Structure formats: structure tokens, C-alpha cells
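Q: Could you take me through a close look at one part of this model, starting with the smaller of its sheets and working outwards from there? I'd like the strand order, the pairing, and then whatever packing and empty space you can tell me about.

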Amino acid sequence: MSISRETQVTVIGAGIVGIAAALYLQRAGCRVTVLDKGAPGEGCSFGNAGLISPGACVPFSMPDMVWKVPRYLIDPLGPLAIRWAYLPRALPWLLRFLAAGRPARVRAISRAMAALHSRAFEAYAPLLKEAGAEALVRHSGQLYASKEAHGIEGGRLVRELRESAGVKVELLGADELHQLEPALSPRYRSALFFPENGHSINSFRLVQVLAERVVRNGGEILRRTVSGFRFADGRPSAVITDAGDLPVDRVVIAAGAWSHRLLATLGTWVPLEAERGYHVMLPDPGVMPRLPVSNRDHNFAATPMENGLRFAGTVEIAGLERPPDFARARILLAHGKEMYPGLRIEGMTEWMGSRPSLPDGLPIIDVAPNFRTVWLAFGHSHYGLMGAAITGKLIAELVTGAPPSIDLAPYAARRF
């Protein structure tokens with residue numbers, strides 16, 4: 001497909017994935033309009049853990065998950081919770097999630113994760129440089145820490161996946177851990193250090209700065225709620241918005257946890273679920289880790305940011321409409337106090353956001369099955385910040401007909 005400077009692409013979604021796609025489309029010569037019901041970055045991008053982990057290659061659904069889920073279901077404040085009233089709707093997704101934990105499927109998913117995530121910093125580099133945002137992303141490394149003296153490496157399959165992906169990781173004992181992260185409670189006795197990982201010191205501001213670059217490049221960002229499409233000549237010719245119809249030529253759906261609703265209006269169903277996560281933000285914690293620390297005993301992250309210390313994580317399956325349960329955020333705070341004795345919590349804020357998650361944990365990066373002028377970029381689960389830039393690059397390649405940088409078969413919409 002040849003394009004010119006007059007090629008118009010409408011991106012639905014102004015989170016980090018949509019903004020990265022807009023920037024890469026502009027680099028490819030397209031004119032871009034971005035639509036979102038909120039300002040750039042106000043969704044999941046606002047409150048994520050800020051982690052950028054090229055070494056993330058271990059799927060969430062593993063062979064032992066089938067034994068863990070029943071225990072999680074009876075603990076409403078555990079790392080995975082499903083609102084009982086929502087369980088009938090969530091059950092098909094949950095069964096697909098467990099099926100993704102079969103060993104052969106785990107290995108395939110891990111290869112697809114590594115192919116995408118290993119390019120995170122490389123894909124971000126030109127966007128950050130052009131926007132003057134390089135200081136917002138740090139190659140700090142990351143720690144996985146545990147109070148257990150053994151077992152932090154995970155089982156044999158976990159070690160095999162990391163080795164196959166070429167992930168650099170160092171096993172640390174208690175002394176080495178506390179030399180690297182002296183603020184951490186002495187109760188923590190082992191860790192893994194990932195030297196090639198990093199983080200954003202303010203993921204919300206990162207999206208805002210990149211969005212400003214979209215506008216400086218000549219793009220438009222409009223506050224619109226998109227509910228569907230008008231059709232002409234066998235393709236979408238306009239999007240239906242709360243401010244009236246907007247003509248479109250080519251469209252990218254990058255609307256996060258709402259993306260499947262738009263895709264359904266185009267005749268394609270995908271099992272996208274809102275995987276709700278929480279954070280607690282401490283503006284003046286009194287104790288600040290040197291680098292991000294993932295608590296592997298309770299499955300959440302402590303991330304040092306320019307505006308304070310963030311504890312972020314947990315998974316809650318409850319749909320898009322139900323109100324937050326901020327008791328889950330306060331559990332994060334309780335675990336955070338145990339990690340960092342002496343924390344100050346004055347000015348604390350709580351937040352909940354909906355991660356767009358597919359059962360296998362991989363995103364959809366593809367052309368829409370029924371329409372060749374619509375492309376899909378959503379479903380990044382816990383890895384939206386990390387996967388955004390490479391996804392944007394791949395979408396630009398698909399739109400312009402350039403050879404994709406990686407094999408896109410694992411991220412196809414039709415895999416479900």
C-alpha cells in the first residue's frame with residue numbers, strides 16, 4: 001500500500017499505545033488525528049507501575065496457575081480477585097486464561113513476549129529524542145525481591161524461558177540485595193536483578209509530552225467519545241462520536257479496555273477483559289528506593305518516581321462499570337510499609353485503572369479481519385507502557401505496507 005503526505009489516519013485512543021502509534025505514523029508520512037474521551041494519558045497510562053522490562057518473557061498463566069486460582073478466588077484482597085457477581089461473565093475468559101498455561105502454549109507465548117518486549121527501549125529512543133523526553137525514562141535496572149531465601153528464581157520452566165530469551169539476570173543473596181537497595185527491610189533475603197530493565201519516572205507526563213509532539217508535528221488530538229462507525233463503499237467512512245460524525249480514511253483502534261466494543265461494531269469478537277489494577281502514591285514517602293522493586297511475595301511493584309513513591313499492582317476482574325474497591329489499594333500500602341519501614345503516608349492518593357487483557361497475555365497487533373482500512377493495537381495487559389513504542393512502529397509498518405519488524409502471527413486477531 002503506497003501512501004503520501006495526504007494519507008489521513010485516525011487513531012482512536014490517546015493512551016501511550018495510541019500516542020506512540022500516532023508518532024510513528026507521522027514519521028512514516030501520515031497525517032494523524034487522535035480521538036479520546038479524555039485527555040492524553042488519563043486512562044491506564046496515568047497510574048501504571050512505570051516499568052519497562054525488556055526481560056519480561058514469563059507469561060502470567062503458567063502450568064501451576066490452575067491450582068492457584070481457587071485460592072485466589074476466596075481471598076477478596078489477594079493478588080487476583082474476581083467479583084463474585086461478575087464471575088459468570090468472567091468465567092469464559094478465565095478458562096481461556098488457564099488453557100494458555102499449558103507448557104507448549106507457555107513456551108510459544110514466551111517467545112512472542114520476548115520478540116515484542118526486547119525492542120522496548122530501541123523503539124522508544126527516537127520518540128523520546130524528538131520530544132525531548134529522554135529524562136523521563138531510565139535504564140535503572142529492576143529488582144525482584146522476596147523474604148524467602150530460596151525460590152526467587154522460580155521453577156525450572158521459568159528459568160528455561162528466561163535463558164531461551166537471553167535475559168540477563170543476576171541472583172542476589174541478602175547482603176548483595178541490601179547493598180544495592182539499602183532502604184529495603186532486612187526481612188528481604190533474596191532477589192533477582194535485571195540490569196537491562198528500567199522505568200519511567202512519570203508515565204502520565206511521558207504520554208503528555210509525547211502527545212504534545214504529535215500536535216507540534218501537525219496532528220490533531222480531539223476530545224471525542226467514539227461509539228461506532230458509518231459505512232460507505234464497503235468500509236468505515238466515518239466514526240460516530242458524541243460531537244457528531246467524523247469522516248475517516250484509515251483507522252487505528254487503540255482504545256485500551258474499550259477496544260473490543262468498537263471492534264464488535266465491525267463484526268469481530270475478541271475475548272478482551274478489563275483487568276483492573278490499583279496504585280497508592282506517596283508524594284513525600286521519606287524513604288525512596290534507588291530503583292524499582294517488584295515484591296514477588298505479594299505481586300506488586302514499588303517504583304520511585306519524580307512525584308513520589310508508587311505501589312502498584314494486583315488484578316481484579318470486575319468489568320468496566322463497577323466502582324473501585326480501594327481496600328485493594330490499601331493492601332498495597334500495608335505491604336509497602338512492611339517493605340520500607342518508616343514510610344510517610346501524608347498526602348497519599350489512590351487510583352484504579354482497567355488494563356486491556358486477553359487470555360494469553362499478548363496484545364492484538366493486526367489489520368481488522370473484516371476491513372482492510374482498520375488496524376488494531378490493544379490488549380497489552382500489564383505491559384502497555386513497555387509495548388507501546390514497538391507496537392506503534394509495527395502499526396505504522398502495517399498501515400504503510402512496510403515489512404513488519406517482527407513476525408506478527410502471534411498477535412493476530414483471529415487467534416481466538
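A: Start with the open sheet of three strands, which comes in the order 11-12-13 and pairs antiparallel. Keep in mind that this is a predicted model. Strand 11 (226-232) and strand 13 (244-247) sit at the edges, and each of them pairs on one side only. From one strand to the next, the twist averages 35°. If you want to trace the register, go to strand 12 (residues 235-241): four bridges tie strand 12 to strand 13, and the two run antiparallel. A handy marker there is Ala238, which stands opposite Pro247 in strand 13. As a general reminder, sheet strands pair through backbone hydrogen bonds, in either the parallel or the antiparallel sense.

Now for the other sheet. This one is also open, but it is built from six strands in the order 10-2-1-14-21-20, with mixed pairing. Its edges are strand 10 (220-223) and strand 20 (364-367), each pairing on one side only. Here the twist averages 15° from one strand to the next. At the strand 10 end, strand 2 (residues 31-36) pairs with strand 10 in the parallel sense over four bridges. Within that pairing, Leu35 has Leu222 of strand 10 as its bridge partner.

What lies across this sheet? Helix 12 (residues 384-400) does, over strand 1 (8-12), strand 14 (250-253), strand 20 and strand 21 (374-378). Relative to strand 21, helix 12 runs at about 170°.

Moving on to helix packing, have a look at helix 3 (residues 65-73) and helix 4 (residues 87-99). Their axes are 9 Å apart and the helices pack at an angle of about 145°, in a right-handed crossing. On the helix 3 side the contact uses Met65, Val66 and Val69, and these meet Leu94, Phe97 and Leu98 of helix 4. By class, that contact comes to six nonpolar residues, with no polar and no charged ones.

Helix 4 turns up again at the second largest pocket, where it gives the most to the lining, with four residues. That pocket has a volume of about 310 Å³, and of its 19 lining residues, Tyr86, Arg89, His260, Leu272 and Glu273 are the closest to the centre. Besides helix 4, helix 10 (259-264) and strand 15 (273-282) each supply at least two residues of the lining. The mix here is 11 nonpolar, two polar and six charged residues, whereas the contact of helix 3 with helix 4 has no charged residues.

Finally, the enclosed space. Empty space of this sort shows up when a probe the size of a water molecule is rolled over the atoms. The structure holds one cavity of 30 Å³ or more, and the largest cavity contains about 60 Å³ of space. Its lining is made by Met113, Leu116, His117, Gly361, Leu362, Pro363, His380 and Tyr383. Sorted by class, those residues are five nonpolar, three polar and no charged.

So where might you put your cursor next? For the pocket, try Arg89 and Glu273, which are among the residues closest to its centre; for the cavity, His117 and His380 are among the lining residues.

Key:
Residues are numbered from 1 along each chain as its sequence is written. This is a predicted model: local features need pLDDT of at least 70, side-chain atom pairs count only at pLDDT 80 or more; totals for chains, interfaces and linings use all residues. Side-chain values use heavy atoms; hydrogens and water are left out. Two strands pair if DSSP finds at least two bridges between them. Axes are lines fitted to C-alpha atoms, for helices over the stretch in contact, and angles run from 0 to 180 degrees between N-to-C directions. Contact means heavy atoms within 4.5 Å. A crossing is left-handed if the near helix is turned anticlockwise from the far one by less than a right angle, and right-handed if clockwise. Ala, Val, Leu, Ile, Met, Phe, Trp, Tyr, Cys and Pro count as nonpolar, Asp, Glu, Lys and Arg as charged, and the others, Gly among them, as polar. On a 1 Å grid over the protein atoms alone, a cavity is a set of points where a 1.4 Å probe fits but cannot get out, and a pocket is an open set with protein on both sides within 12 Å along at least five of seven lines; lining residues have an atom within 4 Å of a point. Grid points are joined across faces, edges and corners, and a volume is the space filled by probe spheres set on the points.
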